[in-house]
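User: I would like to go through the assignments in this structure and see the criterion behind each one. Please set each value against its definition.

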Amino acid sequence: MVETSRWRPFGADTLSSRPGAAGLFNPGRVVGLVLFAAAALCPLFLNEFKVGLIGLGLTYGLFAVALDLAWGRTGIISIGQAVFFGLGTYGVAIALVHHGSPLLGGAIGVGLAAVLGIFTAAVGLRRATNPSTMAVLTLAITLLAEKIARDWWSVTGGSSGLYVPPLISTYSYYYISFVASVGVVGVVWLTVLNRPLGNRLTAIRLNDKRAEHLGIPIFRERVVAFALSAAVSAIAGCLSAPWMSSVSPDRVGIVLSTQVLVWVAVGGKATLLGPFVGAVALTYGQDVLASSMGDSYLLLLGVLFILSVLLVPNGIAGLFLTGPQLADTTPAAKAPAGPRGERGGDALVAENIVKRFAGNIAVDGANLQVKSREIVCLIGPNGAGKTTLLNILSGAVACDAGTVTLCGERIDAAPPHRRVAAGLARTFQIPSLFPGLTVTEHLILARQEAGMVVPLPEAYARLEHEHAGQLVEMLSLSDRRSLEIAMALCSRPVLLLLDEPAAGLARHEADALAKTLRALRDQVGCAIICVEHDMEIVRNLADRVVCLHHGRVISEGTMAEVSANPEVRRAYLGLA
């Protein structure tokens, strides 16, 4: 399990895999240290007003980090993030107005924000929802919150807002804000971003389909990430309230929600430094421009934002920060010798599988039985239902009727990540990997989710050794397919599903793949279901062939038996 992992510093073994990332004093670290020192020492050189402006910018930076947890790290678009920030500011302001404890008021605001974040994510991130649902939902919530803040004048002060008296001197509160912001970011870093959860969030953002079929419960992790984002936003709101003097409805409104999106985009997504750089620079710059240009500064800020997105798509921090995107969470536990579980009898039994799409039957009462350590090839004309059946077996698509049993356990109602835990792994027709990650980082993810390190067969171990630090975009098609299979093998599957693994390969590569897969079956001890059109590959690979036509199994047996079947010859081979 993951708790047996050996934790190493972020990228300890993979820093040298990316340009500019090697060395203790790489550009990113140097810039970060310089900016940290400048923020810590600025009260010694700046007047009280400028210190207050930078202090507000720091708390805004923490707010931007919170949004980055959802948007930059996980890919969740939140257009109404200010509602969570506002719960923190109003919590402190209401407590002070009623002569209560600002700590208690802030704590209540953070708690409410976390609960609202969980509810929002649970509704907006369900499997059946559209990706834009979360954006619309958060927008609606922040508009509603702004309306409540304006109308509930007895509590919120209405449009005039609530006066927040200064707690202590500007310089003292600056250091409180500075230490608190750094502390919150440090806790998030140590407990989330540099742990398996941080890797999972990155995987979900880069390719949620592959992440789920690697064993990551994407819905649960997205809800956790958004709830954490909401709570940190509220903490930032608590720290910001004393800097504002007056907490008004715009603190929960759409304008601030838009501004924080700009801070993250300009500063740099998926970084800790970028959101602070964007928030402090734009908060300070906005004041300077407003004093010299009046309302025209908004136009200039808009132009600068567009130029930054076009010219620096990775943000300001992206110019300096390079290195691995994942923490090395490779488990210390080694896989036990021998195949996984008891091998014997049926690895998989699928009975009476039916799937309809808009009234069209893609799979029509198909039955499939695969014995332990057996290689079964699915053949059939295009549109026969082969990939749909594979999707049903892996959980990517729910069947309308029928049952699927893996080693005696019903899995037809289980989500993909639970099927992976039960012993099922799959690859896709077009290799489904994580863009921007190296070969090593892909295997870190796969081993992290498996909770152990499985010795890879020689062909796949060679890929790891020869291309460890190479980005997957630079790999050949054959190597990308091999990497996807290697990731699947990390979970010691009982059953491996392959969707046209030889597609796009040269003849010699396809022949070598068939030999490798048979050797893999013998070494790993897993059963294999392979969808394939290349009959030569099928002849060399399959122990048994199953032919589908119009979603029905029309023949099964050896390659010779199936190819001699008159119905197969008519439907697939085009022979009379």
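User: How many aromatic pairs does the rule count here?

Analyst: The count comes to eight aromatic pairs, where rings of Phe, Tyr and Trp (its six-membered ring) pair if their centres lie within 6.5 Å. This is a predicted model, in which local features need pLDDT of at least 70 and side-chain atom pairs count only at pLDDT 80 or more, while totals for chains, interfaces and linings use all residues. Residues are numbered from 1 along each chain as its sequence is written, and side-chain values use heavy atoms, with hydrogens and water left out.

User: Why is the pair of Phe-36 and Phe-178 called tilted?

Analyst: Planes under 30 degrees apart count as stacked, over 60 as edge-to-face and the rest as tilted. The ring centres of Phe-36 and Phe-178 are 5.3 Å apart and their planes stand at 50 degrees, so the pair is tilted. Phe-36 belongs to helix 1 (residues 27-41) and Phe-178 to helix 7 (residues 170-193), so the pair ties together parts that are 142 residues apart in sequence. Helices here are DSSP runs (H or I, at least four residues), numbered from the N terminus.

User: What makes Arg-210 and Glu-484 a salt bridge?

Analyst: The term requires a side-chain nitrogen of Lys or Arg within 4 Å of a carboxyl oxygen of Asp or Glu. The closest N and O atoms of Glu-484 and Arg-210 are 2.7 Å apart, so the pair satisfies the definition. Glu-484 sits in helix 18 (residues 477-489) and Arg-210 in helix 9, 274 residues apart. In general, side chains of opposite charge can pair when their charged atoms come close. The whole structure holds 20 salt bridges, and the count between domain 1 and domain 2 is two.

User: Where do the domain bounds come from, and which residues do they enclose?

Analyst: The bounds come from an automatic or database domain assignment, which gives domain 1 (48-251) and domain 2 (346-573). Their centres, taken over C-alpha atoms, are separated by 43 Å.

User: How do you know that domain 1 and domain 2 are in contact, and what area is buried between them?

Analyst: Contact means heavy atoms within 4.5 Å; by that criterion, 16 residues of domain 1 touch 21 residues of domain 2. Buried area, the accessible area (1.4 Å probe) that two parts lose on being put together, summed over both, is about 1,700 Å² between these domains, with carbon and sulfur atoms giving 63%. Within domain 1, Arg-210, His-213 and Leu-214 lose the most area to domain 2, together 42% of what that side buries.

Technical notes
Helix = DSSP H or I, 4+ residues; strand = E, 2+ residues; numbered from the N terminus.
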